[in-house]
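Visitor: I should be grateful for a close look at a single part of this structure. Please begin from one residue and work outwards to its surroundings.

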Amino acid sequence: MRRVTPGLVLLRTTGIAALLLLLWNPLASRPLPPGAQSIVLLDASLSMAGAGGPWRGALDTARALAAAPREALVWRFGARVSTFDTAPPADGASRLAPALEAAAARGGAVTVVTDGAVDDLAAIPPDLLRRSRIVVLPRPPLRDAFVAAVEGQRRVSAQDTLRLRVSYGTAGKRDAGSGMRDALLTVSVEGRRLLSRTVPLPDSGTVSTDVTLLASRIPHPGWSVLDVGLDRVGDAEPRDDARRFVVEVSPQPAAVVFASPPDWETRFLARTLAEVARVPVRTFVETEPGRWRDAATLAPVSTAELTRAAQGARLQVLGGDPERARRFASSAPRLVWPTEHGQPGDWYVEHPPASPLAAALAGIQWDSLPPAASAGAAPRDSGGGVTALTARLARRGAPRAIVTLDERAGTRHATVTASGLWRWGFRGGAAEQAYRSLVAALADWLLGERGAGSRERAVPVTLETPNGLPLVWRWAGAGEPRPLAIELQGEGGARTDTLRFDVGGRAELRLPPGAYRYAVGGGPERGVVAVEEYSAEWRPATPALASQAGLPEGRVVRIGLRDRWWLFVIAIAAFAAEWAWRRRQGLP
């Protein structure tokens, strides 16, 4: 009879002890490598060159630290880490964590030269921060007024009222004799003032106000760049007194949504339709029987105005109870989305059959989507059109058509009988992309694939970006992302660049401040993007870092036991040797 020998016990004990030490991960001390090259991290964010910024002093300090006691490397950090040069700061963020981690990997002493206003203090490992020497050259105190943000409708028709929400405020200490109590809030386009209004300035922090103006006052249809700013503030830093807002004005609304009654389905549909089809959308809601209102303002709307809006639209959406709005509908393409009187339950959407939408919906993981809340029968006047999507109740029984397409008298109609699909968009991630793909496919088919967003391969994530930060583009085409050439026409002339997408389908484009009309070569992508003069870096901020001596070269640094490779080798070798020994002796 074979038995366990002391050698097997020793191997098992050694392997388990090594695993316990790796789980515990005690800290050990070791001296810093005496020959490792020191690194100086120089803050190259825009705050260093703002009003009273210490850029010149920081540049001289970094050079002096690099020269003594022996030659050291100098890296610039801001929104990214780069090699040293004497060009003025150009980054619109102060992210120290990536630079500290990269410098610590080299093993030498680290010195940081900054104004102390870093954005990612919470993301910096405490041991790296304690080890580093920090030289803070703070900006002098100053009083500053700024426009923090502008939000509003991106696409409006010439008959609409453009509504903007402007956030503005002040920072810094108010002087006793300061006259910064009121300011003139202005909205301009191409140097032409459209609106001006006196607003009170807060003592500190930000406040918001709503601004409305007729879209017809914008000089020309198409894309325009609005400048929203504060005048008559007389502060020390004027570069953060204005923001830019890109808006598109079309001669008439491209889509009109009638919601009776208003619900989450039509709300998500109207918002998503404006984003994916990139057309102006106007929504009307029936809040009480026979009383319709504009969804944006809740102002009452007459029957004549509802009829005019429907007659001028290229696409109509009838939601809720479609029969309540049929008397306003015209002969334009129509999407009918009833959300009442359906059979409730968990209706799981299945893979789409062959239809005009099948290609646009390919690649969606249908099994991972939340179920629809109800499904109704197709309307009797649908004409038995093509079925584009089906669903099964609790994944059992016969499938029921929930999206049908048909064409009558040369006009395209689509019907969606499932409710609760808005939860796809609310959930985010892959479910949100599935919802956007479905709405985009319906809009493209109804408009005869002439929608503004039809077949676009790349779209900008935001139409404006602060100074020193890149414009971000998202891959929206079929298949794997691939590089795309892009032509830009700005105030300084034309230029050509390339959008190079990463594995996540994102591409970055760094441009100097200005407005740019872009066109992606060989495709329908057209529009306007803007890089602002504004940056949050211009605003005065309380330093998040304080000067410290750090851990000088030659002292010890504490490292975890998991950083020692040989402990992993001992654990693996002990268990492997025990297994081989047991097999040789015939033990289980």
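In which loop is Leu-298 found? Please describe that loop, the sheet to which its strands belong, and what packs there.

Guide: The model is predicted. Leu-298 is found in the loop between strand E17 (291–294) and strand E18 (300–301). Although Leu-298 is not a glycine, its phi is positive, at about 60°.

Both strands that flank this loop belong to an open sheet of 12 strands. The order across the sheet is E18-E17-E16-E15-E19-E20-E25-E24-E23-E21-E22-E26, and the pairing is mixed. E18 and strand E26 (418–419) stand at the edges; each has a single partner strand, so one side of each is left without a neighbour in the sheet. The loop that carries Leu-298 therefore leads to an edge strand, E18, on one side.

Within the sheet, several pairings can be followed residue by residue. Strand E24 (residues 396–408) and strand E25 (residues 411–416) are antiparallel and are joined by six bridges. In this pair, Glu-407 stands opposite Arg-412 in E25. Helix H8 packs on the sheet, where it touches strand E19 (315–320), E20, strand E23 (386–393), E24 and E25. The direction of H8 makes about 155° with that of E25.

Towards the E26 end of the order, strand E21 (residues 343–349) and strand E22 (residues 372–375) run antiparallel, with three bridges between them. Trp-347 stands opposite Ala-372 in E22. E22 pairs in turn with E26, again in the antiparallel sense, over two bridges. Here Ser-374 has Ser-419 in E26 as its bridge partner.

Strand E15 (255–260), another member of the sheet, is followed by a loop that leads to helix H5, and Pro-261 lies in that loop. The peptide bond from Ser-260 to Pro-261 is cis, with omega near -5°.

H5 brings the description back to H8. The two helices pack at an angle of about 70°, with their axes 9 Å apart. H5 and H8 are therefore roughly perpendicular to each other. On the H5 side, the contact is made by Glu-265, Phe-268, Leu-269, Thr-272, Leu-273, Glu-275 and Val-276. On the H8 side, Tyr-435, Arg-436, Val-439, Ala-440 and Ala-443 take part. By class, the residues of this contact divide into eight nonpolar, one polar and three charged.

The same region includes a cavity. A search of the whole structure finds two cavities of 30 Å³ or more, and the second largest has a volume of about 30 Å³. Its lining consists of Leu-269, Leu-273, Leu-335, Trp-337, Val-439, Leu-442 and Ala-443. Helix H5 (264–276), strand E20 (334–338) and helix H8 (429–446) each supply at least two residues of this lining. H8 gives the most, with three residues. The lining has seven nonpolar residues, with no polar and no charged ones. Leu-269, Leu-273, Val-439 and Ala-443 appear both in this lining and in the contact of H5 with H8.

A second sheet may be set beside the one just described. Five strands form an open sheet in the order E8-E14-E13-E10-E11, with mixed pairing. Strand E8 (155–157) and E11 stand at its edges, each with a single partner strand, so one side of each is left without a neighbour in the sheet. From one strand to the next, the twist averages 30°. At one edge, E8 pairs with strand E14 (residues 242–250) in the parallel sense over three bridges, and the bridge partner of Ser-157 in E14 is Ser-250.

At the other edge, strand E10 (residues 182–189) and strand E11 (residues 192–200) run antiparallel and are joined by eight bridges. Ser-188 stands opposite Arg-193 in E11. The hairpin of E10 and E11 has two residues between the strands, and Glu-190 takes a positive phi there, near 55°. A positive phi thus appears at Glu-190 in this hairpin as well as at Leu-298.

Terms used:
Residues are numbered from 1 along each chain as its sequence is written. This is a predicted model: local features need pLDDT of at least 70, side-chain atom pairs count only at pLDDT 80 or more; totals for chains, interfaces and linings use all residues. Side-chain values use heavy atoms; hydrogens and water are left out. Two strands pair if DSSP finds at least two bridges between them. Helices (H or I, at least four residues) and strands (E, at least two) are DSSP runs, numbered from the N terminus. On a 1 Å grid over the protein atoms alone, a cavity is a set of points where a 1.4 Å probe fits but cannot get out, and a pocket is an open set with protein on both sides within 12 Å along at least five of seven lines; lining residues have an atom within 4 Å of a point. Grid points are joined across faces, edges and corners, and a volume is the space filled by probe spheres set on the points. Ala, Val, Leu, Ile, Met, Phe, Trp, Tyr, Cys and Pro count as nonpolar, Asp, Glu, Lys and Arg as charged, and the others, Gly among them, as polar. Axes are lines fitted to C-alpha atoms, for helices over the stretch in contact, and angles run from 0 to 180 degrees between N-to-C directions. Angles under 35 degrees count as roughly parallel, over 145 as roughly antiparallel, 65 to 115 as roughly perpendicular and the rest as oblique. Contact means heavy atoms within 4.5 Å.
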